[in-house]
Amino acid sequence: MPAAPGPAQPRPFPPPALQDLPPGDARLCLHIERFCRRELGLAPGSHLLLALSGGADSTALAVLLRLLAPRMDLRLSALSVDHGLRPESRGETRRICALCRDLGIPCAMRRADVAAAATAWGCGLEEAGRRVRYALLEEERAALGADWILLGHHAGDLSEDVLLRLTRGAGWPGLAGMAPRDDARHLLRPLLFTAPAALRALLRHLGIRWSEDASNASLDYRRNRLRHEVLPLLRRENPALDRGLATLHRLGSLDGNFWEETLDRALTAHPWQKGMENGAPAITLPRALLAALHPAARLRLYVRACRALGEESRRSEGDSHGQPRAATLLALDAALREGRGNTHFQLPGAVEALVRGGCVRFRVWTY
């Protein structure tokens, strides 16, 4: 991962105060501050664990939060994970920890054997790396007593995520992309609506170098193919594509809140039934609950049931955050409407759905 080009004479650390930044960089910082306060609900005094890889996005995340910490009364820590996949990865991790020392942010370093994890779980290196990284981040957050894990996902990553979900067959409003705030996993994404070019411009102005992972250019990974081949075509058709997808995300968030409130009321009137089947957790949606709902609400209820079994499916399969395919959910609801009993449907996260007697039963499948 070679260092990205930067000024010949990097500026000394720590970075300047917010008021000493060029106007464009200062506006970027204030934009991130408003987003953290208003949309993420980040409280003063919060302890934040920054997930740092040494790339431009996470490096900018560290710099921006360092600039904002005094204004927002934040305590910062960081974790850098060496995936052990490339010879240069250990040196990259050491460099990000050195940057954190310059910034005054305590930084821990962890090394993981992602290749071995991929073999054990029967998945690709990219997926295994994500699982391992999130597990280590949560472990470090709990050990530190930090409130949140902060990730460096930006507007370009959001666009990629929308297309990834589209290709996987995800339904609305999940199709709108990753959430800026994930309470269940203690995750915040303060840069989610920020253009990556603005982050790199900030680093260049401050003379801060970052690393470029050569694997990001490989077309072996679906995300990279979307990034390098599909999204450039779409942006040529619509240069405002990323802003449009950010608007789509905001609409999806509003719709998601509406459906959550609708389901809360329905479940208060007709609660679902939790139990065990063959030693694994199960949830039954009763006939009265399903009959009272519009098909659009039932589809979202199926997704909620899958998520409620998420912790068990993570232990069973190693991942609880797969996106149920819209086509499968539609087929499940069609079977319910048509009264086709004993019909089985397989969903992500080792979850199976069974239609029987006007009810739908979800269970974690044990092999």
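Two strands count as paired if DSSP finds at least two bridges between them. The exercises below concern a predicted model.

**Exercise 1.** Determine the strand order of the open five-stranded sheet, and state which strands form its edges.

*Solution.*
Step 1. Following the pairings across the open sheet gives the order β7-β8-β11-β10-β9, with antiparallel pairing.
Step 2. An edge strand pairs on one side only, and this holds for β7 (273-277) and β9 (343-347).
Step 3. From one strand to the next, the twist averages 25 degrees.

**Exercise 2.** Describe how β10 and β11 pair, and identify the bridge partner of V355.

*Solution.*
Step 1. Strand β10 spans residues 351-356 and strand β11 spans residues 359-364; six bridges join them in the antiparallel sense.
Step 2. V355 has V360, in β11, as its bridge partner.
Step 3. The sheet also carries helix α13 (residues 326-337), which touches β9, β10 and β11. The direction of α13 makes about 160 degrees with that of β9.

**Exercise 3.** Characterise the largest nonpolar core and the surroundings of L50.

*Solution.*
Step 1. The largest nonpolar core contains 55 residues, and L48 and L50 have the most contacts inside it.
Step 2. Helix α2 (residues 56-72) gives the most to this core, contributing eleven residues.
Step 3. With contact taken as heavy atoms within 4.5 Å, and leaving aside residues up to four places away in sequence, L50 touches A62, L65, S77, A78, L79, I105 and L150.
Step 4. A second core, separate from this one, has 31 residues, including I283, L299, A305 and A353.

Methods: Residues numbered from 1 in each chain as written. Predicted model: local features only at pLDDT ≥ 70, side-chain atom pairs only at ≥ 80, totals over all residues. Heavy atoms only, no water. Helix = DSSP H or I, 4+ residues; strand = E, 2+ residues; numbered from the N terminus. Axes fitted to C-alpha atoms, helices over the stretch in contact; angles between N-to-C directions. Core = buried A, V, L, I, M, F, W, Y, C linked by side-chain atoms within 4.5 Å. Buried < 20%, exposed > 50% of the residue type's maximum accessible area, 1.4 Å probe, protein only.
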